[in-house]
Amino acid sequence: MKLTRLDLNSWLIQTQRQTFLLDPWLVDPLVFFGLPWFLRLEHRQPPPFTPETLPRIDGILLSQGQPDHCHPPTLRRLDKQIPVLASPTAARVARGLGFTTVQALDPWQGVQWGDLRITAVPGAPLGPVRELGFLLEETSSQTRLYYEPHLSQPDVRPRLQQEFSPIHTLLIPVVGQIFPLLGEVIMGPERALQVVAALRPQQVIPTAMGEVNYQGWFAAQIRPLGSLEEFREKLGSLNAATGRSIRLCCPAPGETVSLSVAAKA
């Protein structure tokens, strides 16, 4: 399995036979609630792909219905025949945009998609809605990746440990964001380290970190939580205390990393 960073929450996942697009944002600004004055995100540099220059995509994975994971302008420019696996809120968006094969996943539901086993993991609650993360396993190599874009909840970790261990790679936030009234919406270094300590991966790849400019009234209300260097130091302390050698891997936009190599380390 290989992972290519695009930007923010957007990734390409390649198995031996297939290529999947995760939470794509490739064109245009990212606007919440259709209100640019409220919150608008823009790429500082063009992403490494446009919808038209992507390699052949065998499936689209959408973890949440919000536009930083389910971006309508990007999805409109993708082939509507590409199958979509999504959270229920994202599935409604994809169907509304004309995708012909859309499956909404329930928590802990598993789907075999060619040589990739995809399991929906309960994600963080956003108001009344609980969105999804994904546990991805390339069946031929048994390489496993856990993706959670916001907050990995303590109640999911025992089941992940019992049913899916070992998990070789965590694709999780390590630098957080605090929203007014909602608190820690994207987990910072302390909570990220708790996930690492519980699941004991071989490597951590940060997500929700982008070459992005934030604009609008709400952008000024968001407070950052921690830093990449703080997480690096905490991970080093954990490795020293436990005798492990968990790696922190930070690919640049467009860079591809091999997860199978990590699985054999």
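Which residues does glutamine 64 touch, not counting residues up to four places away in sequence? The answer comes in point 2, after the ground rules.

1. **Basis.** This is a predicted model, in which local features need pLDDT of at least 70 and side-chain atom pairs count only at pLDDT 80 or more, while totals for chains, interfaces and linings use all residues. Residues are numbered from 1 along each chain as its sequence is written, and side-chain values use heavy atoms, with hydrogens and water left out.

2. **Glutamine 64.** Glutamine 64 touches His69, Cys70, Ser87, Thr89, Ala90, Leu126, Glu131, Pro149 and His150. Contact here means heavy atoms within 4.5 Å. Glutamine 64 sits in the loop between E6 and helix H1 (72-76). Helices (H or I, at least four residues) and strands (E, at least two) are DSSP runs, numbered from the N terminus. Is glutamine 64 buried or exposed? Glutamine 64 is buried, because its relative accessible area is 2%. The cut-offs are under 20% relative accessible area for buried, over 50% for exposed and partly exposed in between (1.4 Å probe, protein chains only).

3. **Overall dimensions.** The protein chain has six helices and 20 strands. Its radius of gyration is 17 Å, which agrees with the value near 18 Å for a compact globule of 265 residues. That radius is taken over C-alpha atoms, and the globule rule is 2.2 Å times the number of residues to the power 0.38. The C-alpha atoms fill a box of roughly 50 × 45 × 35 Å along the principal axes. Of the 265 residues, 55% count as buried. Among contacts between residues at least 6 apart in sequence, 65% join residues at least 24 apart. The chain exposes about 11200 Å², and carbon and sulfur atoms supply 51% of that area. Accessible areas come from the Shrake-Rupley method with a 1.4 Å probe; for residues, only the protein chains shown count as cover.

4. **Seven-stranded sheet.** The order is E9-E10-E11-E12-E13-E16-E19; the sheet is open and the pairing is mixed. Two strands pair if DSSP finds at least two bridges between them. Strand E9 (110-113) and strand E19 (247-248) are the edges, each pairing on one side only. At the E19 edge, strand E16 (residues 203-206) and E19 are parallel over two bridges. There, valine 204 has leucine 248 as its bridge partner.

5. **The E9 edge.** E9 and E10 pair in the antiparallel sense over four bridges. Glycine 110 stands opposite threonine 119 in E10. The hairpin has two residues between the strands, and glycine 114 in this hairpin takes a positive phi near 65 degrees. Side chains alternate along E9: Val111 and Trp113 point to one face and are buried, whereas Gly110 and Gln112 point to the other and are not.

6. **Three-stranded sheet.** E15-E14-E18 form an open, antiparallel sheet. Its edges are strand E15 (183-186) and strand E18 (223-225). The twist averages 40 degrees from one strand to the next. Three bridges join strand E14 (residues 176-179) to E15, with glutamine 177 opposite isoleucine 186.

7. **Helix H4.** H4 (residues 189-199) lies across strand E12 (143-147), strand E13 (169-172) and E16, at about 160 degrees to E13. Axes are lines fitted to C-alpha atoms, for helices over the stretch in contact, and angles run from 0 to 180 degrees between N-to-C directions. Its buried residues include Ala192, Val195 and Val196. The buried residues of H4 pack against E12, H3, E13, E16, E18 and H5. Just after H4, arginine 200 takes a positive phi of about 50 degrees.

8. **Cores.** A nonpolar core is a set of buried Ala, Val, Leu, Ile, Met, Phe, Trp, Tyr and Cys residues joined through side-chain atoms within 4.5 Å. The largest has 25 residues; Tyr146, Leu160, Ile172, Val196 and Phe231 have the most contacts inside it. H4 gives the most to this core, with five residues. A second, separate core of 24 residues includes Leu3, Phe20, Leu22 and Val111.

9. **Helix H2.** The buried residues of H2 (residues 88-96) are Thr89, Ala90, Ala91 and Ala94. They pack against strand E6 (59-62), strand E7 (84-86), strand E8 (102-104) and strand E11 (129-138). Glycine 98, just after H2, takes a positive phi of about 105 degrees.
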